[in-house]
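Let's walk through this structure together, one question at a time. Have the sequence and the 3D view ready, and try each question yourself before reading on.

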Amino acid sequence: MSERMSGADGTEWNATMRKFGAPATCIRNYAHWSVLLRPRQATLGALVLAAREPAQAFPELSAAAFSELREVTSDIEQALQQAFSYERLNYLMLMMVDPDVHFHVLPRYPEPRTFDGREFEDRGWPGPPDLSHVNQTDESANARIIEHIASCWP
């Protein structure tokens, strides 16, 4: 099992969530899931959807987590569509390096998008996402992306 740590507000963050910058990158917490900005923006608005339960295999999640997943993905898709008008959305469950149950959520774009004076490319379009490509951001830029997505949350 992954080591879990609690924040000042009592929220528990597993090792995978912390690797992706929690709590600073957290956009929204649900009972069973947390939505985080992926610090390495392969595409504009790339997220990590992480299970809050101690599970390292998808079927280990509770029925309640599976049920809530419908609401969470609906909210993600509405927020990202409003924020950045993506063309497609990919959910990747890789879990090769980071064992806690999580998805990489990648908005996909046929043309570069500009946000906050920066151009973001989707180098893999129209094929699989290119996770080796990173659109350069810093903590300040990521904070503005988080703020923008959060402002679009349903």
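Q: Which residue lies over the face of W13?
A: Keep in mind that this is a predicted model. A charge counts as sitting over a ring if CZ of Arg is within 6 Å of the ring centre and within 35 degrees of the ring normal. Here the distance from the ring centre is 5.9 Å, and the residue over the face of W13 is R52.

Q: Is the pair of W33 and F103 stacked, edge-to-face or tilted?
A: Planes under 30 degrees apart count as stacked and over 60 as edge-to-face, with the rest tilted. The ring centres of W33 and F103 are 6.3 Å apart. The angle between their planes is 40°, and the pair is tilted.

Q: How many residues apart are W33 and F103?
A: W33 belongs to strand β4, which covers residues 33-37. F103 belongs to strand β7, residues 102-108. The pair links distant parts of the chain, and the separation is 70 residues.

Q: Are W33 and F103 buried or exposed?
A: Buried means under 20% relative accessible area, and exposed means over 50%. Both W33 and F103 fall in one class: buried.

Q: Why is the pair of F84 and F115 edge-to-face?
A: F84 sits in helix α2 and F115 in strand β8, 31 residues apart. Their ring centres are 5.6 Å apart. Because their planes meet at 90°, and over 60 degrees is the cut-off, the pair is edge-to-face.

Q: Which residues do ring pairs link into a cluster?
A: The count of aromatic pairs comes to five. Ring pairs join several residues into a cluster, and W33 and F103 are among them. The full set is W33, F58, F66, Y91 and F103.

Q: What distance should the 22 residues of α2 span?
A: Each residue contributes 1.5 Å, and the expected span is 1.5 Å times one less than the number of residues. The end C-alpha atoms of α2 are 32 Å apart, which agrees with the expected span of 32 Å.

Q: Where is the kink in α2 centred?
A: Helix α2 runs over residues 63-84. Along it there is a kink of about 30°. The kink is centred on L69.

Q: What covers the buried residues of α2?
A: Residues three or four places apart in an α-helix point the same way, because there are 3.6 residues a turn. The buried residues of α2 include L69, V72, I76, L80 and F84. What covers the buried residues includes β4, β5, β6, β7, β8 and α3.

Q: Which backbone nitrogen does the side chain of D122 reach?
A: D122 lies in the loop between β9 and α3. At 9% relative accessibility, D122 is buried. Its contacts beyond four places in sequence are T43, P107, R108 and Y109. The side chain of D122 reaches, at 3.0 Å, the backbone nitrogen of Y109.

Q: What is the length of the polar contact that joins the side chains of D116 and R144?
A: D116 is found in the loop between β8 and β9. With a relative accessible area of 39%, D116 is partly exposed. Its side chain and that of R144 are joined by a polar contact of 2.2 Å.

Q: Which residues does P110 touch, not counting residues up to four places away in sequence?
A: P110 lies in the loop between β7 and β8. At 36% relative accessibility, P110 is partly exposed. Beyond those sequence neighbours, P110 touches E87 and W125.

Methods. Residues numbered from 1 in each chain as written. Predicted model: local features only at pLDDT ≥ 70, side-chain atom pairs only at ≥ 80, totals over all residues. Heavy atoms only, no water. Phe/Tyr/Trp six-rings, centres within 6.5 Å; stacked < 30°, edge-to-face > 60°. Helix = DSSP H or I, 4+ residues; strand = E, 2+ residues; numbered from the N terminus. Buried < 20%, exposed > 50% of the residue type's maximum accessible area, 1.4 Å probe, protein only. Bend = angle between axes of the 7 residues up to and from the residue. Contact = heavy atoms within 4.5 Å. Polar contact = N/O pair within 3.5 Å; in protein donor to acceptor, adjacent residues only side chain to side chain.
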